[in-house]
Amino acid sequence: MVRKVLICDVVDDILPKILKDNGMDVDYNPEITKNKLLDVAKDYHTIVVRSRTRVTAEVIDAAKNCSIVARVGVGLDNIDQKAAGSKEIRVINAAEGAMNAVAELVMSVMLSLSRHIPRADRTMRDGIWEKKSLKGTELRGKYLGIVGLGNVGQRLGRLARAFNMNIIGHDVVPINPEFVQEVGLIKTDLKTLLQSSDYVSLHVPLLESTRYMINAENLSLMKKTAYIINTSRGGIVDEMALYAALRDGRLGGAALDVFENEPPDNTPLAGLDNVILTPHLGAQTVEAQKLAAHIIAEKLVQIERGVI
């Protein structure tokens, strides 16, 4: 039987090429609507998505012949895993594909926040030479708290050590002991991490246990000079609580690449000078997209061959 594959979002060309080269019948429809997907889902054995397409329970029910749902990326919150499991549909992702791209984005926004680069750029464009009020700080010697030490968190820790930062880490699962030794990680609980860090970077999935992990109470634990960065998932941070803390001078600054609603609708955070907002760019690099597409293609081929 020839496996029929539907690709629902924009992916690197390497993905359909590898699948076709291995005898699969691939349809590439990166702008497919929800209603159209419901109509055609029954015709496919594999459905491939990125973040735009939501594989809901309704889609799962319609996909009568589907055995695999693949996400060309890290998070799986746009796939109803419970519904998929009830239909014995295997869900796979490319967790390894984005780790360097996301970690580099975190480093770039930490540097931008510390040196006031967005504000410096805006004022220069307005013809204002605002040098005196833009005295920044260095990353060297500062404490970076990483919440979630998976692939991305560990990559970030290694990059930050190259800047001579001190690394504090918290995770609910065991942390790789070799990584702990490599970066001199200080393992601690979330409360201590928030109290001790000059920068806090979030790298956890969106679950009921992590929703609003960063709320008003936890924000109140942080230093007034500290910065918080979220490149994981919207909903981890209570955005209104964050706005209040920043507005009232109870926090140094923030960078958000993800939002509870994407795109966000008139977020008040956009009116603050000490905030960097980006449109979910974490994995949006040529290299990361190619790598994630290649990883998913190889996984699908190996599943078809019975290797994994």
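Which residues in the largest nonpolar core touch the most other members? In this predicted model, they are Ile228, Leu242 and Leu251, out of 28 residues in that core.

**The cores**

Several elements feed into this core: helix H9 (190–196), strand S9 (199–202), helix H11 (239–247) and strand S11 (253–256) supply at least two residues each. H11 gives the most, with five residues.

Leu251 makes a good way in. Leaving aside residues up to four places away in sequence, Leu251 touches Leu219, Met222, Lys223, Lys224, Ala226, Ile228, Leu242, Ala245, Leu246 and Asn274. So two of the names from the opening, Ile228 and Leu242, turn up again among the contacts of Leu251; with them on that list are Lys223 and Lys224. Apart from this core lies another, made of 26 residues, including Val109, Met110, Val183 and Leu185.

**The pockets**

Now for the open spaces. Here are the two pockets side by side.

| Pocket | Volume | Lining residues | Nonpolar / polar / charged |
|---|---|---|---|
| Largest | about 1,100 Å³ | 47 | 22 / 18 / seven |
| Second largest | about 510 Å³ | 18 | five / five / eight |

In the largest pocket, the residues nearest the centre are Val74, Gly75, Val204, Ser232 and Arg233. Which helix gives the most to the lining of the largest pocket? That would be H7 (residues 151–162), with three residues.

Over in the second largest pocket, the closest residues to the centre are Phe259, Glu260, Asn261, Glu262 and His280. Its lining holds eight charged residues, next to five nonpolar and five polar ones.

**Threonine 231**

One loop residue deserves a stop. Thr231 sits between strand S10 (227–230) and H11. Is Thr231 buried or exposed? Thr231 counts as buried because its relative accessible area is 9%, and the cut-off for buried is under 20%.

What does Thr231 touch, once residues up to four places away in sequence are set aside? The contacts are Val102, Leu105, Val106, Leu202, His203, Asp257 and Val258. Of these, Leu202 belongs to the stretch of strand S9 (199–202).

There is also a pairing across the sequence to look at: Thr231 and Ala283 are 52 residues apart along the chain, and their C-alpha atoms are separated by 9.6 Å.

Note on methods. Residues numbered from 1 in each chain as written. Predicted model: local features only at pLDDT ≥ 70, side-chain atom pairs only at ≥ 80, totals over all residues. Heavy atoms only, no water. 1 Å grid on protein atoms, 1.4 Å probe; cavity = no way out; pocket = protein on both sides within 12 Å on 5 of 7 lines; lining within 4 Å. Points joined across faces, edges and corners; volume = space filled by probe spheres on them. Helix = DSSP H or I, 4+ residues; strand = E, 2+ residues; numbered from the N terminus. Nonpolar A, V, L, I, M, F, W, Y, C, P; charged D, E, K, R; others polar. Core = buried A, V, L, I, M, F, W, Y, C linked by side-chain atoms within 4.5 Å. Buried < 20%, exposed > 50% of the residue type's maximum accessible area, 1.4 Å probe, protein only. Contact = heavy atoms within 4.5 Å.
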